[in-house]
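Subject: A structure for you to look at

Hello,

I am handing over a structure that I hope you will enjoy exploring. Please open it and keep it beside this email as you read.

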Amino acid sequence: MKNYWQNAVTFDEYIKETERRIEVQNPEDDHNEYYELGLQRMNRTLKTYKVDEKQLETLKSKNFNGKILIITEPWCGDASATVPAVSKFFEGHNDVRIFYRDSDTSLIDQFLTNGTQSIPKILILNEDFSLKNVWGPRPQYGTELLKKFKENPETYPREEFYNDLQVYYAKNKGKDAIQEILELL
């Protein structure tokens with residue numbers, strides 16, 4: 001894990017790289033159209049996110065001195081809502097780094113979700129870089145929406161699922177994800 005950590009970036013570097021990908025599009029990148037949307041969503045989360053004092057007290061009571069390593073990509077809809085909130089919540093308390101899933105899939109391949117490289121994945125690391133726990137790729141409520149969609153896409157179409165998920169993220173502002181992560185500390 002230490003090697004992955006050393007090859008990860010800060011949240012600010014992640015935002016700058018997202019902006020760069022929007023400006024200088026790689027014709028071989030299938031995600032070009034999603035970077036701008038991802039950045040808009042991340043900026044919305046950053047503008048509206050406020051640290052919940054009760055959650056902050058819970059973090060302090062855990063005496064967690066480890067690190068948070070997030071496996072993600074800026075084009076991911078789930079990540080655009082979660083990553084900024086998690087980064088801001090832990091800021092000043094625990095180091096947070098972001099590892100690009102597609103830069104080296106050997107990390108995400110250790111944390112598959114139902115056989116897929118779903119992101120974001122939040123790796124909770126102890127001080128010695130050993131793995132304490134894993135969260136992701138979305139809060140329980142988002143997982144329930146996905147399950148509803150997969151069980152019957154005719155009555156709950158993809159567009160409705162995506163809309164419901166983004167409305168949830170916009171209203172929840174990362175609170176559920178952070179609560180679930182706190183429970184894993």
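Below is what was found about its empty spaces and two of its residues.

Before anything else, please keep in mind that this is a predicted model.

**The largest pocket**

Let's begin with the open spaces. The largest pocket holds about 780 Å³ of space. It has 26 lining residues, and those closest to its centre are Asp 78, Arg 138, Phe 161, Tyr 162 and Leu 165. If you want to find the walls by element, look at α3 (32-48), α5 (77-90), α7 (140-151) and α8 (158-172), each of which gives at least two residues to the lining. Sorted by class, this lining contains 11 nonpolar, eight polar and seven charged residues.

**The second largest pocket**

Next comes the second largest pocket, with a volume of about 190 Å³. Its lining is made up of Thr 10, Phe 11, Asp 12, Ser 87, Lys 88, Glu 91, Asn 94, Asp 95, Val 96 and Arg 97. Here α2 (11-23), α5 and β2 (96-100) each contribute at least two residues. The classes are two nonpolar, three polar and five charged residues.

**A closed space**

How many cavities of 30 Å³ or more are there? The count comes to one, and the volume of this largest cavity is about 40 Å³. Around the cavity you will find Ala 81, Thr 82, Pro 139, Tyr 169, Asn 172, Lys 173, Gly 174 and Ala 177. Two or more of its lining residues come from α5, and likewise from α8. Four residues of this lining are nonpolar, three are polar and one is charged.

**Two residues to click on**

Lys 67 sits in strand β1 (residues 67-72). Is Lys 67 buried or exposed? Lys 67 is buried, yet it has no salt bridge. Its nearest side chain of opposite charge belongs to Asp 95, 4.2 Å away, and the cut-off for a salt bridge is 4 Å. Apart from neighbours within four places in sequence, Lys 67 touches Trp 5, Asp 95, Leu 123, Ile 124, Leu 125 and Phe 129. You have met Asp 95 already, as one of the residues lining the second largest pocket.

Glu 53 belongs to helix α4 (residues 53-62). Glu 53 counts as exposed because its relative accessible area is 53%, and exposed means over 50%. From Glu 53 to Tyr 100 is 47 residues in sequence and 30 Å in space, C-alpha to C-alpha.

Happy exploring, and best wishes!

How values were computed:
Residues numbered from 1 in each chain as written. Predicted model: local features only at pLDDT ≥ 70, side-chain atom pairs only at ≥ 80, totals over all residues. Heavy atoms only, no water. 1 Å grid on protein atoms, 1.4 Å probe; cavity = no way out; pocket = protein on both sides within 12 Å on 5 of 7 lines; lining within 4 Å. Points joined across faces, edges and corners; volume = space filled by probe spheres on them. Helix = DSSP H or I, 4+ residues; strand = E, 2+ residues; numbered from the N terminus. Nonpolar A, V, L, I, M, F, W, Y, C, P; charged D, E, K, R; others polar. Buried < 20%, exposed > 50% of the residue type's maximum accessible area, 1.4 Å probe, protein only. Lys, Arg positive; Asp, Glu negative; His and termini not counted. Contact = heavy atoms within 4.5 Å.
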